[in-house]
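User: Hi! Could you walk me through this model, a few questions at a time?

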Amino acid sequence: MMKRVDAGLPPTAEDKIDDQTGTVIASAGTGALSGEYSVDRAATLRIRNGSGTDGVCADAQTVLESMGYKNFDLGNADNFDYEKTIVVYKDPAMEDAADQIVEAFGLGKAVEDDGDYLFDSDFLVIIGADWKI
């Protein structure tokens, strides 16, 4: 490891994340991990395509998997007229996690559900037309 560091390389060739805690043990410097995320590994995420662009849900899932999330339900939103990506949460205790998702996406907004959204997961992620990842 020190030879890599002395050569100006990241300490490891691959990102390493503790499977139990979600803590980043080592980063290969790829930029895929922008920081440590406190992830509830049992959290469920419903990802919906609100833009009409093929593949956006799978792209979002990839980002969320890099954060440590594992439980997904992908599909289309009720329409394709969403301008902005939103991460909706029901429980105020999930606000920080929703903000981390927005940060990992590099766009969007975290919104507490006021009863306007119907979902039975911990998070509802609606991908809007702003999705550029």
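User: Leaving aside its neighbours within four places in sequence, which residues is Arg48 in contact with?

Analyst: Happy to help, and please keep in mind that this is a predicted model. Arg48 has its place in strand E3, which covers residues 44–49. Beyond its neighbours within four places in sequence, Arg48 is in contact with Cys57, Asp73, Leu74, Gly75, Asn76, Ala77, Leu124, Val125, Ile126 and Ile127.

User: Is Arg48 buried or exposed?

Analyst: The cut-off for buried is under 20% relative accessible area. Arg48 has a relative accessibility of 14%, so this residue counts as buried.

User: Arg46 lies in strand E3 too; which residues is Arg46 in contact with, leaving aside its neighbours within four places in sequence?

Analyst: With the neighbours within four places set aside, the list for Arg46 includes Asp73, and Leu124 and Val125 are also on it. Asp73, Leu124 and Val125 are found among the contacts of Arg48 as well. In full, Arg46 is in contact with Asp73, Phe119, Asp120, Ser121, Phe123, Leu124 and Val125.

User: How far apart in space are Arg46 and Cys57?

Analyst: In sequence, Arg46 and Cys57 are 11 residues apart. In space, C-alpha to C-alpha, their separation is 9.6 Å.

User: How are helices H2 and H3 oriented to each other?

Analyst: Two packed helices are described by the angle between their axes and the distance between the axes. For H2 (residues 56–67) and H3 (residues 95–105), the axes are 10 Å apart and the packing angle is about 120°. Angles of 65 to 115 degrees would count as roughly perpendicular and those over 145 as roughly antiparallel. H2 and H3 are therefore oblique.

User: How do the residues of the contact of H2 with H3 divide into nonpolar, polar and charged?

Analyst: H2 passes H3 in a right-handed crossing. Ala60, Val63, Leu64 and Met67 make the contact from H2, while Gln100, Ile101, Ala104 and Phe105 make it from H3. These residues divide into 7 nonpolar, 1 polar and no charged.

User: Stepping back, what pattern does the protein chain follow along the sequence?

Analyst: The secondary structure comes to 3 helices and 7 strands. Read along the sequence, their pattern is α-β-β-β-α-β-β-α-β-β.

User: And how much of the exposed area of the protein chain do carbon and sulfur atoms supply?

Analyst: Of the 133 residues, 38% count as buried. The protein chain exposes about 7600 Å², and the share of this area supplied by carbon and sulfur atoms is 48%.

Technical notes. Residues are numbered from 1 along each chain as its sequence is written. This is a predicted model: local features need pLDDT of at least 70, side-chain atom pairs count only at pLDDT 80 or more; totals for chains, interfaces and linings use all residues. Side-chain values use heavy atoms; hydrogens and water are left out. Axes are lines fitted to C-alpha atoms, for helices over the stretch in contact, and angles run from 0 to 180 degrees between N-to-C directions. Helices (H or I, at least four residues) and strands (E, at least two) are DSSP runs, numbered from the N terminus. Angles under 35 degrees count as roughly parallel, over 145 as roughly antiparallel, 65 to 115 as roughly perpendicular and the rest as oblique. A crossing is left-handed if the near helix is turned anticlockwise from the far one by less than a right angle, and right-handed if clockwise. Contact means heavy atoms within 4.5 Å. Ala, Val, Leu, Ile, Met, Phe, Trp, Tyr, Cys and Pro count as nonpolar, Asp, Glu, Lys and Arg as charged, and the others, Gly among them, as polar. Buried means under 20% relative accessible area, exposed over 50%, partly exposed in between (1.4 Å probe, protein chains only). Accessible areas come from the Shrake-Rupley method with a 1.4 Å probe; for residues, only the protein chains shown count as cover.
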